[in-house]
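Here's a quick tour for anyone meeting this structure for the first time. Have a look at it, then read on.

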Amino acid sequence: MVINHYFVNNPTVISVINLGIPLSYKEELIKTAYSFGDVQNNGTNVQAIMSDWKVWTVTDVFNKFLDRIYKVLPQLDLNRSPKYKLTILDCWTAIYKKNHYTKPHDHRPNSHSFVYYLQSPNPSTPLVFDNCNHEILPQEDNLIVFPAHLTHSVPKHQHDQDRISIAGNIVLESLK
């Protein structure tokens, strides 16, 4: 597995990983994302078709995907304390049709956030990190993990092919 790290405001790191999700499973995830419809009704920063915040409570189709994320997280060295564990707090899908976009925002007080690209036209609409002057042109199967305090946005999607992603937030939980 290749992990690319972008040091955008040292020591701030954005990681990009190809997860190697099989095509048949990606197709199942895409079909499920479309089946949700626009649950949020453009009531969030994501001005696109967006699911519930906790997709795993609606269907178990995402369980294998979330398991894969949990296997990758330790390789990113996000948690440097044995007193805490990384936990995915929420996870949702977003389908960007032409002219859909996301307003600049961050995900504080979470530790990290992620976005995985199920479908991304080439070239794709970028994921823009507004406060550090950095953008990533996502490709299908890219998982991007970044500190939740980074302001990010997505400009208007200009392609006819939909851009489909799964995003979420990660917290540090005390092991007590």
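What follows covers the nonpolar cores and then one helix.

## The main core

Keep in mind that this is a predicted model. Its largest nonpolar core is made up of 31 residues, and Leu 19, Phe 65 and Leu 143 have the most contacts inside it. Two or more residues each come from helix 1 (23-36), helix 2 (63-72), strand 5 (84-96), strand 7 (112-119), strand 10 (142-147) and strand 12 (163-174). The top contributor is helix 1, with five residues.

So who does Leu 19 touch, leaving aside residues up to four places away in sequence? Its partners are Phe 65, Arg 68, Ile 69, Val 72, Tyr 116, Asp 141 and Leu 143.

## A second core

Another core, of 19 residues, lies apart from the largest one. Tyr 96, Val 115, Leu 127 and Phe 129 are among its members.

## A closer look at helix 1

Helix 1 has 14 residues, which should span 20 Å at 1.5 Å a residue; its end C-alpha atoms are 20 Å apart, so the two agree.

Which residues of helix 1 are buried? They are Tyr 25, Lys 26, Leu 29, Ile 30, Thr 32, Ala 33 and Phe 36. Looking down the axis of helix 1, you'd find these buried residues within an arc of 165 degrees, so they line one face. Helix 2, strand 5, strand 7 and strand 12 are among the elements covering them.

Flip to the other side of helix 1 and you get Leu 23, Ser 24, Lys 31 and Ser 35, which are exposed. Just after helix 1 comes Gly 37, with a positive phi of about 70 degrees.

Terms used: Residues numbered from 1 in each chain as written. Predicted model: local features only at pLDDT ≥ 70, side-chain atom pairs only at ≥ 80, totals over all residues. Heavy atoms only, no water. Core = buried A, V, L, I, M, F, W, Y, C linked by side-chain atoms within 4.5 Å. Buried < 20%, exposed > 50% of the residue type's maximum accessible area, 1.4 Å probe, protein only. Helix = DSSP H or I, 4+ residues; strand = E, 2+ residues; numbered from the N terminus. Contact = heavy atoms within 4.5 Å. Expected span 1.5 Å × (residues − 1). Arc of directions from axis to C-beta.
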